[in-house]
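Visitor: I would like to learn how to read a helical model, one feature at a time. Where should we begin?

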Amino acid sequence: MRLMIRLAVVAMVLALAQEYAAAQGFFGGFRGNPVMLLRQESVQKELKLNEDQVKKIEELSQKTREKFQDIFGGDEAERPKKMQELTEENRKAVAEILNPEQSKRLNQISYQQRGTSALIDPEVAKALALSEEQQGKVKTINEEMMAGMRELFTPGQAPDEDARKKMNDLRKSSGDKMLAVLSAEQKTKWTEMQGEAFKGEIRFGPPR
């Protein structure tokens with residue numbers, strides 16, 4: 001009974017996190033979250049994590065779920081700030097668990113999952129040497145995409161097939177616009193930053 005209750009709580013928290021991510025247009029960012037990626041068996045195999053690392057990731061994941069629950073149970077106005085703080089905490093924690101080579105590959109997988117939405121990340125902008133003008137354009141395109149996503153998303157309800165298609169089309173068109181902002185050299189650099197294509201399966205949803 002306790003296990004069932006625990007799984008139900010975890011599923012609820014994950015659903016809330018997915019709902020918030022969808023409402024904010026953070027689909028790529030949600031899928032590219034380092035902690036969530038590291039819980040994927042396919043990613044663990046890709047990075048060749050040892051038993052101790054897997055154990056630490058599970059512990060970090062549990063703490064993250066608990067903090068998710070606190071964040072979504074608190075003041076809605078504070079959620080963006082709290083989510084950003086949690087993201088930064090997790091980045092530091094993950095960096096302490098992985099070795100440099102593993103961290104590099106995880107970043108590549110994360111960029112692939114996030115797609116062009118990663119271009120709004122300050123670290124990515126710095127690595128690509130984006131000008132202030134370019135960063136402004138990328139930010140505007142991303143905000144327009146977020147607004148479009150919110151119009152297509154109904155809180156508490158999974159998107160239907162038509163809504164999902166429109167969301168995918170919106171992400172693709174927005175991604176094309178963001179890439180158009182980059183110079184040829186920056187596009188090449190962005191491709192290099194994503195590394196070799198990750199072919200493992202990525203699955204998100206309630207615990208099995």
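Guide: Begin with a definition: the expected span of a helix is 1.5 Å times one less than its number of residues. In this predicted model, helix H5 has 23 residues and reaches 33 Å from its first C-alpha to its last, close to the 33 Å expected.

Visitor: Which residues of H5 are buried?

Guide: The general idea is that an α-helix has 3.6 residues a turn, so residues three or four places apart point the same way. In H5 the buried residues are Gln53, Ile57, Leu60, Ser61, Thr64, Arg65, Phe68, Ile71 and Phe72.

Visitor: What caps the N-terminal end of H5?

Guide: Asn50 does: one of its side-chain oxygens lies 3.1 Å from the backbone nitrogen of Asp52.

Visitor: Asp52 also has a side chain to account for. Which residue does Asp52 meet in a salt bridge?

Guide: The general idea comes before the case. Side chains of opposite charge can pair when their charged atoms come close. Here the side chain of Asp52 pairs with that of Lys56, at 3.4 Å from N to O. The two are 4 residues apart in H5, which spans residues 51-73, and so about one helical turn separates them.

Visitor: Are Asp52 and Lys56 buried or exposed?

Guide: Neither label fits, because buried means under 20% relative accessible area and exposed means over 50%. Asp52 is partly exposed at 44%, and Lys56 is partly exposed at 39%.

Visitor: Where does helix H9 place Lys137 and Glu133?

Guide: They sit 4 residues apart in H9 (residues 132-152), separated by about one helical turn. Their side chains form a salt bridge, with N and O 3.5 Å apart. Lys137 is partly exposed, at a relative accessible area of 42%, whereas Glu133 is exposed, at 53%.

Visitor: How many residues separate Lys166 and Asp162?

Guide: They are 4 residues apart, about one turn, and both belong to helix H10 (residues 161-181). The closest N and O atoms of their salt bridge are 3.3 Å apart. Lys166 counts as partly exposed at 43% relative accessibility, and Asp162 is partly exposed at 44%.

Visitor: How many salt bridges does the structure hold?

Guide: It holds 10. There is also a network of salt bridges, which links Arg91, Arg114 and Asp121.

Visitor: Now the whole chain. How many helices and strands are there?

Guide: The protein has 11 helices and 0 strands. Of its 208 residues, 39% are buried. About 12,900 Å² is exposed, and carbon and sulfur atoms supply 51% of that area.

Visitor: What do the contacts say about parts of the chain that are far apart in sequence?

Guide: Take the contacts with a separation of 6 or more: residues 24 or more positions apart account for 73% of them.

Visitor: Where is confidence lowest, and where is it highest?

Guide: Read pLDDT as the predictor's confidence in each residue, from 0 to 100. The mean for the protein is 82, and 81% of the residues reach 70 or more. Confidence is lowest in helix H1 (residues 2-24), with a mean of 42, and highest in helix H11 (residues 184-194), at 97.

Visitor: Over which residues does pLDDT stay under 50?

Guide: Over residues 3-29, for which the model has 52 contacts beyond four places in sequence.

Methods: Residues numbered from 1 in each chain as written. Predicted model: local features only at pLDDT ≥ 70, side-chain atom pairs only at ≥ 80, totals over all residues. Heavy atoms only, no water. Buried < 20%, exposed > 50% of the residue type's maximum accessible area, 1.4 Å probe, protein only. Contact = heavy atoms within 4.5 Å. Areas by Shrake-Rupley, 256 points an atom, 1.4 Å probe, with all protein chains shown as cover. Salt bridge = Lys/Arg side-chain N within 4 Å of Asp/Glu carboxyl O. Polar contact = N/O pair within 3.5 Å; in protein donor to acceptor, adjacent residues only side chain to side chain.
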